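Colleague: I should be grateful for a close look at the largest pocket. How much space lies in it, and which residues line it?

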Amino acid sequence: MEKKLRVGILGATGMVGQRFIALLENHPWYEVVTVAASPRSAGQRYEDAVAGRWKMTTPMPEGVKDLIVMNVNEVEKVAASVDFVFSAVDMSKDEIRAIEEAYAKTETPVVSNNSAHRWTPDVPMVVPEINPEHFEVIPFQKKRLGTTRGFIAVKPNCSIQSYAPVLTAWKEFEPYEVVATTYQAISGAGKTFKDWPEMEGNIIPFIGGEEEKSEQEPLRLWGKIEDGVIVKAEEPKITCQCIRVPVLNGHTAAVFVKFRKKATKEELIEKLLAFRGLPQELELPSAPKQFIQYMEEENRPQVSLDVDFERGMGISIGRLREDSIYDYKFVGLSHNTVRGAAGGAVLCAELLTAKGFIQAK
């Protein structure tokens, strides 16, 4: 790309906004030129606005320290400075839906980490290796919004990344019933142990709204475009429990699966290792070379050893074995704020750029 696209981060001072900034440092296609946040942060240098609240383990990129934080509600002003935006705003769902549509209507593409538009019928919710064809719904959305280049695209919930790609890799064996329990890191709530000391040595068996997302969002990934909207798939039926555990980064899932077509363990592992998508074919900058790795050791995957596989963009699977009630069971691990949040959104943007949906204004 001759000239980097100008990127804005909406909600730049929060944890996911910070992750966007960290991931986009030295990106070959994109340059963060605008950071926007709530009115209380507006007008400050970015470094001052997040003083004492930088949650990444890597240093704050030099290129953003002196950027003046803009008021995210000044939509026209922010939009005028960028080619597209990543959205990680912390607002109510109604407010998020409204502000993301407002940005789209300024002819600014919005790639969102938020859940507010995941069920808007003409908004694609995409894991680029799983359902890139859903981006083809964007022209229908543009017609509704009255735009020529502005639109909204979203990525799904972080909790499903550790098992939805696996079930996709196995689709020829027709999985039809799934039981999953996810053990979710505290960064999924935007927290560190400093912010949330009561999580140390503790487990909380409830995460608001997570179980419904974990059961329903994979079905939307596997759905089809019909009459300009995305219609979710009917199967597999998924039931899920979501538990908060004392881990900083990394969502683990224990999953049980029933198949309509018989498969051997060797066939299932072979499908995992061979599973590739459009990001790998196009060699997109953030795409993992190996999307899913299978680990033979009985005690893997482990958060402390495996969460950063492929820079946090890959998925680790282990303990695949036959089950006495279901056909097979396995354990999955994904990085919730990289693949599951900001990194997944960056990969979506890269694919949208490669397909011509995102261009310089």
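Modeller: The following account treats the largest pocket and then the second largest. This is a predicted model, in which local features need pLDDT of at least 70 and side-chain atom pairs count only at pLDDT 80 or more, while totals for chains, interfaces and linings use all residues. Residues are numbered from 1 along each chain as its sequence is written, and side-chain values use heavy atoms, without hydrogens and water.

A pocket is, on a 1 Å grid over the protein atoms alone, an open set of points where a 1.4 Å probe fits, with protein on both sides within 12 Å along at least five of seven lines; its lining residues have an atom within 4 Å of a point. The volume is the space filled by probe spheres set on the points, which are joined across faces, edges and corners.

The largest pocket holds about 1100 Å³ of space. Its lining comprises 43 residues, and Val16, Ala88, Val89, Asp90 and Asn114 are the closest to its centre. Two or more lining residues come from each of helix 1 (15–24), helix 5 (93–105), helix 8 (210–221) and helix 12 (338–354); helices are DSSP runs of H or I with at least four residues, numbered from the N terminus. By class, this lining has 15 nonpolar, 18 polar and ten charged residues, with Gly counted as polar and Pro as nonpolar.

The second largest pocket holds about 580 Å³. Among its 28 lining residues, Arg19, Ala22, Leu23, Arg311 and Val338 lie nearest its centre. Helix 1 and helix 12 each give two or more residues to this lining, and helix 1 supplies the largest share, four residues.
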